Each structure stands twice: as C-alpha cells, then as structure tokens.
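Here is a short briefing to read alongside your structure. Keep the 3D view open and follow the topics one by one.

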Amino acid sequence: MASQIIQPPYLKVGDTVAIVAPSGILKSRVGEVQDAVKLLESWGLHAIVGKHVFNQFNHFAGTDAERCEDLQNAMDDPKISAIWCARGGYGTVRILDKLNYTKFKKNPKWIIGYSDITALHNQVHNEGFQSLHAIMCVSLTKDLNDIKESVETFKSAIFGHPEDYTLKGSDYNRVGQASGELVGGNLTMLHTMLGSKESIDTFGKILFIEEIGEYKYHIDRMLQSMKRAGYFDNLNGLVVGDMSRMRKNTTLWGTSVEQLILDALEDYDFPITFNMPAGHEKDNRALVLGRTLELKVGKAQSTLKFSE
C-alpha cells in the first residue's frame, strides 16, 4: 500500500529555515547556533532564530509558553520551509498539547532534530507528515570534517536526495527483508508516548530506535513495557542505532545490549539490523521518518533504501 504520509516540499536555494529550542536550555551555546546560521547560509538558505531561543527558565530554554510560541510561529509562517531544533535534552513533551497544526497543514515544512525531538516527530507523524531525524545546532563542531557524514546526509535530505545506507554486518542481525514507513527515534521518548495520542501505530512499519546514558535493565524494562502494550505485534522490521554511553549497574546485566534486544523481541520474526550510525554519536546520519523504507538484513551487511 502506498504511503499516505505527506512529504513537505524539499528546500531550494533562497528558502528560510527557522531555528527554535523546544527543549533544553542553550546556556553558553550561542556560538553553536551562530555556526548553524552560517552553515545554512553557506547552502544558500536564509536562517531566522526564534526570539526565545536563548531564554532560560530552570531546565528549559524559556517557559513552556515561550518555547511553544517560537515553535508555533515557525509552524504557522508560510515563508518558513523548515524548522531546525537547536538541541534536545528534555521539554518537548510539555508543549505538545499546546501546538496547533491548522496552518502547518496548509504549508507543511520539515521539522528536524533527534533525541527529545522524538516527541515532536511522533506528533508530526500522527498528523500525517514526514519529518527528519538528523543533527541539531548543538551537534555542530568547529571542524565539520569531524561530523562530515552527519552534515552531508542532513543537507542531502533537506534538498531532496535522502541517502540510502549500507550498514556493516553483525552476528546479532536477524536476517530478513521488510518494507514499511520508517518511524521512531529515541527509545525513552517512544516509551514516554505510550498510552497518549502521540504514540505511534507501528502496524506494518519499520521502527528505528537509539538511546544514550541508560542502564541495560532500563532498556529491557522499556522494551518489555512496549511489548506488553502491543507495540511490536505488527511491526515489519527494526533498525537499531547507537546505544551510547551505557551505564553500568552494580549488578551486571550479563549480556550485550544487542542480545538484550534480541531476547526481549524473541517472540517476533521481523528482521532486525544493528549498526545504524544514528543517535547520540558524532556520526548521526539523517533518516526520513514517515517515508517508505526497503530494509534488507543479512549477517554480512544490511541495506536501507528509501522509496522514490
């Protein structure tokens, strides 16, 4: 069945990108946002920075109302072609219920980010639109060669040429082929969405997950909870990104995180690939969420090919 998810118009030279901060505080990150503006301008794009981006309210980049105002203004403005989130952290979930998609639906635009922005990706998907899981402003380094693939795949995606990927193999891979809309993002955020209207219907879809700074038993607990909620019952495939900076409990888990995932999902037969370079590492390659993906998983390698 053809995808019903709407693809926002790809960017072209002269288009405008809004930079907003729906989550964590950007204290001492002014330089990175300035670098982001320069990067966009080097691609022939215009950039505007939300008026509240550098506000500070406890943990957040401004109050819920301020962060929501910047995002809503960008969503509503027909002159803006994409919305680039400055950083993740925590806070997007607090403003989801305040957002209105009426004008966005008339002039859809790309929403870009990862980590905590998964909450927004979920909502955008359920409103019927594709979005882009990719680097954020604070991902930028002084020497862009350090994050070359992250930047290049981000640029390619927003200008209409999302890249396909060949992943290095893994003995943990569960071999098979699948097709479906790509959904997902940060595991904690996907788990947080359970039971809400922002939870993804994964029927016939391919799920991507990544995580940072968690104990293995936390990973297992989230997977078990999602499993019991039926999250994986009709899933077509799973793409596992980076599981970064895993924490060690005093009582060791006893297996690798790859084996943990396989064990948690042993009741299903959909293909599973590891080694997708996306998540909280410097090599964080762009993925078009909501777009149909052809997944082929082998022990020696896996391929991810987006539909035309």
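Strand 1 is covered on both of its faces: T16, A18 and V20 are buried on one side, and V17 and I19 are buried on the other. Please keep in mind that this is a predicted model. From strand 1, the tour below moves to an open sheet of seven strands, a cluster of aromatic rings, the largest pocket and a few residues that deserve a look of their own.

**Strand 1 and its partner**
- Strand 1 spans residues 16-20, and five of its five residues are buried.
- Its partner is strand 2 (residues 46-49), and the two pair in the parallel sense over four bridges.
- To find this pairing on screen, look for A18, whose bridge partner in strand 2 is I48.

**The seven-stranded sheet**
- The sheet is open, its pairing is mixed, and its strands come in the order 6-13-12-7-8-9-10.
- Strand 6 (165-168) and strand 10 (272-273) form the edges, each pairing on one side only.
- Strands of a sheet can pair either parallel or antiparallel, through backbone hydrogen bonds.
- Strand 7 (residues 176-186) shows the antiparallel kind with strand 12 (residues 292-297), to which six bridges join it.
- Two places to see this pairing are G176, which stands opposite V297, and G180, whose bridge partner in strand 12 is L293.
- Strand 7 also runs parallel to strand 8, with five bridges joining the two.
- Here N186 of strand 7 stands opposite E210 in strand 8.
- How enclosed is strand 7 by the rest of the structure? Nine of its 11 residues are buried, so strand 7 is largely enclosed.

**Aromatic rings**
- The structure holds 11 aromatic pairs.
- One of them joins Y268 and F270, with ring centres 5.6 Å apart and planes at 20 degrees; planes under 30 degrees apart count as stacked, so this pair is stacked.
- Both residues of the pair are buried: Y268 has a relative accessibility of 14%, and F270 has a relative accessible area of 4%.
- Ring pairs also bring Y231 and F232 into a cluster with Y268 and F270.
- F270 has a charged neighbour as well: the charged end of R174 sits over its ring, 5.3 Å from the ring centre.

**The largest pocket**
- The volume of the largest pocket is about 500 Å³.
- Its lining is made up of 27 residues, of which G89, Y114, S115, I212 and H280 are the closest to the pocket centre.
- Helix 6 (187-193) and strand 8 (206-212) each supply at least two residues of this lining.
- What is the make-up of the lining by residue type? The lining divides into eight nonpolar, 11 polar and eight charged residues.

**Two residues with a positive phi**
- Most residues other than glycine have a negative phi.
- S115 has a positive phi, near 60 degrees, and is not a glycine.
- This serine is found in the loop between strand 4 (110-113) and helix 4 (118-127).
- Is S115 buried or exposed? Its relative accessibility is 11%, and buried means under 20%, so S115 counts as buried.
- S115 is also one of the residues closest to the centre of the largest pocket.
- N275 likewise has a positive phi, of about 75 degrees, although it is not a glycine.
- You will find N275 in the loop between strand 10 and strand 11 (287-289).
- With 29% relative accessibility, N275 counts as partly exposed.

**A buried glutamate in a loop**
- E198 is found in the loop between helix 6 and strand 8.
- Despite its place in a loop, E198 is buried, with a relative accessible area of 6%.
- How far apart are the C-alpha atoms of E198 and K79? They are separated by 27 Å, and the two residues lie 119 residues apart along the chain.

Key:
Residues numbered from 1 in each chain as written. Predicted model: local features only at pLDDT ≥ 70, side-chain atom pairs only at ≥ 80, totals over all residues. Heavy atoms only, no water. Pairing = 2+ DSSP bridges. Phe/Tyr/Trp six-rings, centres within 6.5 Å; stacked < 30°, edge-to-face > 60°. Buried < 20%, exposed > 50% of the residue type's maximum accessible area, 1.4 Å probe, protein only. Lys NZ or Arg CZ within 6 Å of the ring centre and 35° of its normal. 1 Å grid on protein atoms, 1.4 Å probe; cavity = no way out; pocket = protein on both sides within 12 Å on 5 of 7 lines; lining within 4 Å. Points joined across faces, edges and corners; volume = space filled by probe spheres on them. Nonpolar A, V, L, I, M, F, W, Y, C, P; charged D, E, K, R; others polar.
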